[in-house]
Amino acid sequence: MTCTRFALALALSAALPVSASAQVATVDAQIAPYAKVSGISGSLSSVGSDTLNNLMTLWAEGFQKEYPNVRIQIEGKGSSTAPPALIAGTAQLGPMSREMKPTEVDEFEKKYGYPPTDVRVAIDALAVYVNKDNPLDKLTLTQVDAIFSKARRCGAPAEISSWKDLGLTGAWAGRPMSLYGRNSASGTYGYFKEHALCNGDYKDTVKEQPGSASVVQGVTADPSGIGYSGIGYKTSGVKAVDLATKEGEPYGKAEASDVYGGKYPLARFLRIYVNKPPGRPLDPLVREFVHFALSKQGQEIVVKDGYLPLLLDIDQTEMKKLE
Amino acid sequence: MASHLDVSASPVKRAPLRASVRPSAVARRRILYDRFARVVVSTGGLAVIASILGILAFLVIEVWPLLTAARVSVVGSFAETGAAPAALVLDPDRLYAAGLAPDGMLTVRRLGDGSTTLAEQLLSPGLATAVEACGAGTLAAATIDGRVLLQPVTWDVSFEGEQRRVAPRLGDAAWIDLDPARGAVSVFAAQRGDAGSAAAGVLADGGVAVVRQTQTKQFLTDALTTKEERRTLDAPARPTRLALDRAQRWLYAATADGRLLAWDLARDVATPTLVAESGASPVSALALLVGDRALVVGHADGALDVWFTTSHPDDPARGSALTRVRGFPRQDAAITRIASSDRNRTFLALDAHAGLGLYYSTSDRVLWRGEAPVADGTALAFAPKGDGAGLAAPGHLAVLDVVNPHPEVSWRALFGQVWYEGDPRPSFVWQSSSGSDDFEAKLSLTPLLVGTFKGTFYSLVLAIPLAVLGAIYTSQFMHPRLQRLVKPTVELMASLPSVVLGFLAGLWLAPRVEQSLPSLVFLALGVPVLSLVAGALWTAIPKALRGRFVSGSELVLVALVLVVGSIGLYQLGQVVEHTTFGGSFSEWLFAKTGARYDQRNALVVGIAMGFAVIPIIFAISEDALSNVPHTLTAGSLALGASRWQTVVRVVLPTASAGIFSAVMVGFGRAVGETMIVLMATGNTPIMDWSPFNGFRTLSANIAVEIPEAPVGGSLYRTLFLAALLLFALTFVVNTLAELVRQRLRERYARL
């Protein structure tokens, strides 16, 4: 089983057009198109991830084209806002860019008696951005840790606080780094901390922005800026650097081939959490929305928004969770 | 901001006097209107007071549970028939406890009635030398033939309709060969989790062996690759206690001669990476807290310490050391068992005299102390959710309920310096939450208070001189026609939504300030000087020539001088930036002083928030100055004082109470301002008064973090505490302002 999956992943990455410029991921042709069902109406509310905010909005637009009677409200202040909203019942969809913490699951179980259902809906390459004029093009995660964390738990020998420390010369050598990050409500904040900083603490000088777009905007306007955000927020004003786990390992680009090929170290799933009582069907409106997100149309929207679509077998596994 | 509510508009209307109406009827109607107005006004006033008290009461109610004490109580106690388990694990719902006895018998008991639901002889009696519980609900035993058995106990949850059913099941056991020579392993530690399985043990020859079966999971395919690695480590003395972290990176040991050792297993070196003296009393128990950075050390004399690896406070190059960071008050007898929670940095410690204590590392709190329900405890374990514990003793199994709602909050954690895990020294830090539970919450309100005062300071530095001087000029010197234009315009500034100001400051102003900082400094210093020079030039013009100008046209001259001067100063600043600072002031600042220049900083916020505060201070000061009785100024002028002398000696002292209250109201506004600081600073909770850094205020912090705070959690209540603090701050400032104002008013009332 694992063998076939791996072969599939290889085949998929090989099938993608390999070129020097940005690659566009393609949706697996076998992912079924969305089949409309009857009797869907009402209103849906989504509270959660900012990384998924645009994607949720685009899905909602596509979904409303199928069902004009459905009203969808989307709020995206950060993944940590999803569990409280799901628990309180103010939202039926909880988009998150990280997994739920055990304490959050505890709280959910305390209210409902069963854990929430986690549906993976897209793949993100969490990118480290620098200004487009910055000559830097690659970093190791050890260096990323030394830039963003005061604890340096990944084992870097010294702090990196200016561009000179990364070997940049000329005008860049004199510039201090200006760090941009997300606020602690963000799943991206938590994921980056866990996977890039080896769970070490952020420096106090990281400017915490309320959204991914502000991080990218900050790095665009600040030539000595460096920040992290989902790949879906990439603009022409910033550059996503290539990343390697550590010195000596291959560098991966924040692009489809390297993410599917396992070379990009900060690849992650984007998820939607739903409240599904075990043994009972999910609310039809919620079910159809998630079906739509997992359908061919939904995954094409994922590509349109800059993220990477699911592989066929993952898509099918997630579909089964909704039954 | 309703700074000057007009209350004089009472609903009393003048009744038309008509001949046919008798005067007494008019008077009666007036009395009626009067009474009606009094009721309406006083009801309104009382409603305002009541709602403020209501807000205060609400805040206090939300904050109050932070003060509730933790409680440990016995909820069940059962007689145990077989040998007492030496290791225990509980299921997340606290329905079952699985225990492994030194005779190799694994028993799972239902905690509702104490009945045995599963019993299995894992090892034949006499085979096991030591038994431990390790991560992820696994029981482990070391054997006389040099092996370690890892036996996971899993809890299958199923639903029958609404009913939740939990069934215990033994997972696949794993064997780790520690000693190929088949010697007995006495002291050992094991881990089983996402990173794979690992065990470390003390061999018969006193050496330490570590075997790690590391698992790595492929991101997309979930394919597991396992890699086994065996290491032999050198211990300077025979270890009596071992602890292994979940990441299988660090191994800790306590030796019989009073030393603590730590090996970094990522380095291929057999000697301990770090060595420290653990103190006079021998180590009797060792446990890692969640997050695996802090080591709880229990001593034979009842002392309890927390240790972790820290770098040298001044010179990180000198390497790190295992440091005793904090100690808890001593328990009565030797610490025999320590159990740490998986959810936070809470741990339980049991001593030889059946004393039981509940502690929290970060906040340095003894949460609870009492008597254990059974003596001679052989095993102590926290329930996975941290809400209960199990305690086994010969012939007994006790189940404890742990109510521990807000352990991370203490006076010191909120306002004092705390030594956080891995830091070189104690510090004030706000970093409240993260994406994982092993995160150590850092809830110091001090950086936020400093940020609040920093933002207020920089905005008032800008706002007070401009607003007060502006008010003096407008009310005392300006032509009335112009005055009628200027006053409403400035007051209109107050109606600008602060989110717009914050947006402009963050996205438009901040990059411009960065590009032309020296020019701004030149402008700030040069413009007042220029105005004085212009004034001097004006007086130097012969009177005959001056008299030809219409009164007020000197303003045009001043404006001309200012515009031309400002452009000149700006250009001068650019030139200076190029010649002196090498083209970029921020780079020069960093290169010369090491001080960082952040694009979104206190200076930018000072300008934006100053802009928001100016209309408030201006309006109230202007009112106070205009309301100085005309008789006073007229008298002063009649006695021969000049206009300037009249303003300085007569008007200003009389209006000083009003100006003072204007400044205080402005202060209150700046303290509570949220949107501008939220958008125009980086929200960096740092403790630095530099105008070139950002900051985070109490109010912005509440706005940023309240949506993510789980309702009723510690962060939620701490944010309410911040709100209460903000409320108290503005309340105290306003009350003080009012008191001072009253006194000043009394003093100048006789003037």
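**Figure 1. Surroundings of B:V166 in strand β9 of chain B**. In this predicted model, B:V166 has 15 C-beta neighbours inside 10 Å and therefore counts as partly exposed. The strand that holds B:V166 runs over residues 163-170 of chain B. Leaving aside neighbours within four places in sequence, the contacts of B:V166 are B:D91, B:D93, B:L95, B:Y96, B:W155 and B:V157. B:P373 is 207 residues from B:V166 along the chain, and the C-alpha atoms of the two are separated by 27 Å.

**Figure 2. The largest nonpolar core and its member B:V148**. This core has 103 residues, of which B:V148, B:F188 and B:Y252 touch the most other members. When neighbours within four places in sequence are set aside, B:V148 is in contact with B:A140, B:A142, B:I176, B:L178, B:V185, B:F188, B:A190, B:A199 and B:G201. Another core, of 88 residues, lies apart from it; A:M56, A:I74, A:Y189 and A:I231 are among its residues. In soluble globular proteins, nonpolar side chains tend to be buried together.

**Figure 3. B:L492 in helix α4 of chain B**. Helix α4 of chain B covers residues 480-493. B:L492 counts as exposed because it has 10 C-beta neighbours inside 10 Å, and the cut-off for that class is 12 or fewer. From B:L492 to B:G201 the C-alpha to C-alpha separation is 76 Å in space, with their positions 291 residues apart in sequence.

**Figure 4. Packing of α4(B) against α10(B)**. Helix α10 of chain B spans residues 602-626, and its axis is 7 Å from that of α4(B). The angle between the two helices is about 140°, so α4(B) and α10(B) are oblique to each other. The crossing is left-handed. On the α4(B) side the contact is made by B:K487, B:V490, B:E491 and B:M493, and on the α10(B) side by B:F611, B:I614, B:P615, B:F618, B:A619 and B:E622. By class, the residues of this contact are 7 nonpolar, no polar and 3 charged.

**Figure 5. Packing of α2(A) against α10(A)**. Helix α2 (residues 53-66) and helix α10 (residues 296-304) of chain A have axes that come within 10 Å and cross at roughly 140°. That angle makes α2(A) oblique to α10(A). The two helices cross in a right-handed sense. A:L55, A:L58, A:W59 and A:G62 of α2(A) meet A:Q297, A:G298, A:I301, A:V302 and A:K304 of α10(A) in the contact. These residues divide into 5 nonpolar, 3 polar and 1 charged.

**Figure 6. The covered helix α7 of chain A**. Helix α7 takes in residues 212-221, and 7 of its 10 residues are buried. The buried residues are A:S212, A:S214, A:V215, A:V216, A:Q217, A:G218 and A:V219. Strands β5 (127-131), β7 (178-182), β8 (207-209), β9 (225-229) and β10 (238-240) of chain A are included in what covers them, as is helix α6 (187-195) of chain A.

**Figure 7. Contact between chain B and chain A**. Chain B gives 38 residues to this contact and chain A gives 48. On the side of chain B, the elements that supply two or more residues are α9 (585-593) and α14 (698-705). Of the elements on that side, α9(B) gives the most, with 3 residues. The residues on the side of chain B comprise 13 nonpolar, 15 polar and 10 charged.

Notes:
Residues numbered from 1 in each chain as written. Chains lettered and ligands numbered in written order. Predicted model: local features only at pLDDT ≥ 70, side-chain atom pairs only at ≥ 80, totals over all residues. Axes fitted to C-alpha atoms, helices over the stretch in contact; angles between N-to-C directions. Helix = DSSP H or I, 4+ residues; strand = E, 2+ residues; numbered from the N terminus. Parallel < 35°, antiparallel > 145°, perpendicular 65-115°, else oblique. Left-handed = near helix turned anticlockwise from the far one by under 90°. Contact = placed C-beta atoms within 7 Å. Nonpolar A, V, L, I, M, F, W, Y, C, P; charged D, E, K, R; others polar. Core = buried A, V, L, I, M, F, W, Y, C linked by C-beta atoms within 7 Å. Buried ≥ 20, exposed ≤ 12 C-beta atoms within 10 Å, placed from the backbone.
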